[in-house]
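Here are some exercises for getting to know a protein fold you haven't seen before. Try each one yourself, then read the solution.

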Amino acid sequence: MRILFLGDVIGRGGRDAVTAALPDYRARLRLDLVIVNGENASHGFGLAPEMARAFFEAGADVVSLGNHAWDRREIIPYIATEKRVIRPINFPAGTPGAGSVILTLADGRRALIVNAMGRLFMDALDCPFRATDELLSRHKLGANIQAAIVDFHGEATSEKEAFGHSFDGRLSLVVGTHTHVPTADYQILEKGTGYMTDAGMCGSYDSVIGMAKAGAAERFWRKMPGERLQPADGPATICGVFVETDDATGLARRIAPLRQGGRLSQSFPDLT
């Protein structure tokens, strides 16, 4: 199975770049599954239903969220019925929506997509390790699912790495989101799980994690809240990770970063 995961989409610039590029990516990479983290799509804070629909129309199969899941209140009734938008699985019981979804591809293969959120320097939620472990007790790679992907939305690299190693061999891919900076550690772990600490963001890198530089920097100088942060203008870089899995085992056969447009060095998966 060929899977593309795109990191946090920031504001209109990120949305426009992703929706314009996705049809081409699906064709060039012959993708079976596309997952987009959309929790910053609305002016940097939250996701509106029409934005989720635009991602789906462009070729996304699942949209994941994170700590800004509820910043746009309209998402609450939408997520209750649109199962392809998932929020962190370790929100307390009774939270609207779901933390995972199983998609059945046209050829009958099944993929489990999970959204989990870290707890170090983040909101105090239930344990993402235990929540994921309980879910995986009911779904096994190479048996009732052919792929399993976790978007781990977290601040601390140590927590992300610990999560990846904890589930090595039980997941196809663990990819981090939230810090908005792509890491260079994409790899296949010892037991066959693809891993990348952070996919990076889809937005302008002439910024402070996607937001306009002046206002964001001033908060560090003055240690006082200022005007609401705004997404940075400028060409967006689309950042993500590509993984190809083995249908028999569900484990990763290859992994590669994707960085296209904007200011960063460019990288596109080589299928040869």
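The exercises below work through a predicted model.

**Exercise 1. Work out why the residues with the feature "binding site" gather at one spot.**

Start with the record: an unreviewed UniProt entry puts the feature "binding site" at Glu 39, Asn 67, His 153 and His 178. Along the chain they span 140 residues, yet no two of their C-alpha atoms are more than 10.2 Å apart, so they come together at one spot. Next, look at the pockets: among these residues, Glu 39 and His 178 belong to the lining of the largest pocket.

**Exercise 2. Place Glu 39 and decide whether it is buried or exposed.**

First, find the loop. Glu 39 sits between strand E2 (33-37) and helix H2 (49-58). Then check the accessibility: the value for Glu 39 is 1%, and buried means under 20%, so Glu 39 counts as buried. Finally, go through its neighbours, leaving out residues up to four places away in sequence. Glu 39 touches, among others, Asp 8, Phe 45, Leu 65, Asn 67, His 153 and His 178.

**Exercise 3. Do the same for His 178: where is it, and is it buried or exposed?**

His 178 is in a loop too, between strand E8 (173-177) and strand E9 (187-188). Its relative accessibility is 13%, so His 178 counts as buried. Its contacts beyond four places in sequence include Asp 8, Glu 39, Asn 67, Met 122, His 153 and Asp 198.

**Exercise 4. Check the length of helix H1, then look for a bend.**

Take the 19 residues of H1 (residues 11-29): at 1.5 Å a residue, they should span 27 Å. The end C-alpha atoms of H1 are 26 Å apart, which agrees. Now look along the helix: H1 bends by about 40° at Leu 22, and a proline, Pro 23, follows within four residues. Just past the end of H1, Arg 30 takes a positive phi of about 50°.

**Exercise 5. Which residues of H1 are buried, and what do they pack against?**

List the buried ones: Gly 11, Gly 14, Arg 15, Ala 17, Val 18, Ala 21, Leu 22, Tyr 25 and Leu 29. To read the spacing in that list, it helps to know that an α-helix has 3.6 residues a turn, so residues three or four places apart point the same way. The partners of the buried H1 residues are strand E1 (2-6), E2, H2, strand E11 (238-245) and strand E12 (252-260).

Now zoom in on one of them. Tyr 25 has a relative accessible area of 3%, so Tyr 25 is buried. Tyr 25 and Phe 268 are 243 residues apart along the chain, but their C-alpha atoms are separated by 9.8 Å. Phe 268 is one of the residues Tyr 25 touches, and Leu 4, Ile 238 and Leu 258 are also among them.

**Exercise 6. Which residues of H2 are buried, and where do they pack?**

In H2, the buried set is Pro 49, Met 51, Ala 52, Phe 55, Phe 56 and Ala 58. These pack against H1, strand E3 (62-64), helix H3 (75-81) and strand E4 (85-86). Right after H2 comes Gly 59, with a positive phi of about 130°.

**Exercise 7. Find the side chain that makes a polar contact with the side chain of Glu 244.**

Go to strand E11, where Glu 244 lies. Glu 244 counts as buried, at 9% relative accessibility. The partner is Arg 2, with the two side chains in polar contact at 2.9 Å.

Conventions:
Residues are numbered from 1 along each chain as its sequence is written. This is a predicted model: local features need pLDDT of at least 70, side-chain atom pairs count only at pLDDT 80 or more; totals for chains, interfaces and linings use all residues. Side-chain values use heavy atoms; hydrogens and water are left out. UniProt positions are given in the numbering used here, feature names are shortened, and annotations may be inferred rather than shown by experiment. On a 1 Å grid over the protein atoms alone, a cavity is a set of points where a 1.4 Å probe fits but cannot get out, and a pocket is an open set with protein on both sides within 12 Å along at least five of seven lines; lining residues have an atom within 4 Å of a point. Helices (H or I, at least four residues) and strands (E, at least two) are DSSP runs, numbered from the N terminus. Buried means under 20% relative accessible area, exposed over 50%, partly exposed in between (1.4 Å probe, protein chains only). Contact means heavy atoms within 4.5 Å. The expected span of a helix is 1.5 Å times one less than its number of residues. The bend at a residue is the angle between axes fitted to the seven residues ending there and the seven starting there. A polar contact is a pair of N or O atoms within 3.5 Å; within protein, one must be able to donate a hydrogen and the other to accept it, and residues adjacent in sequence count only if both atoms are side-chain atoms.
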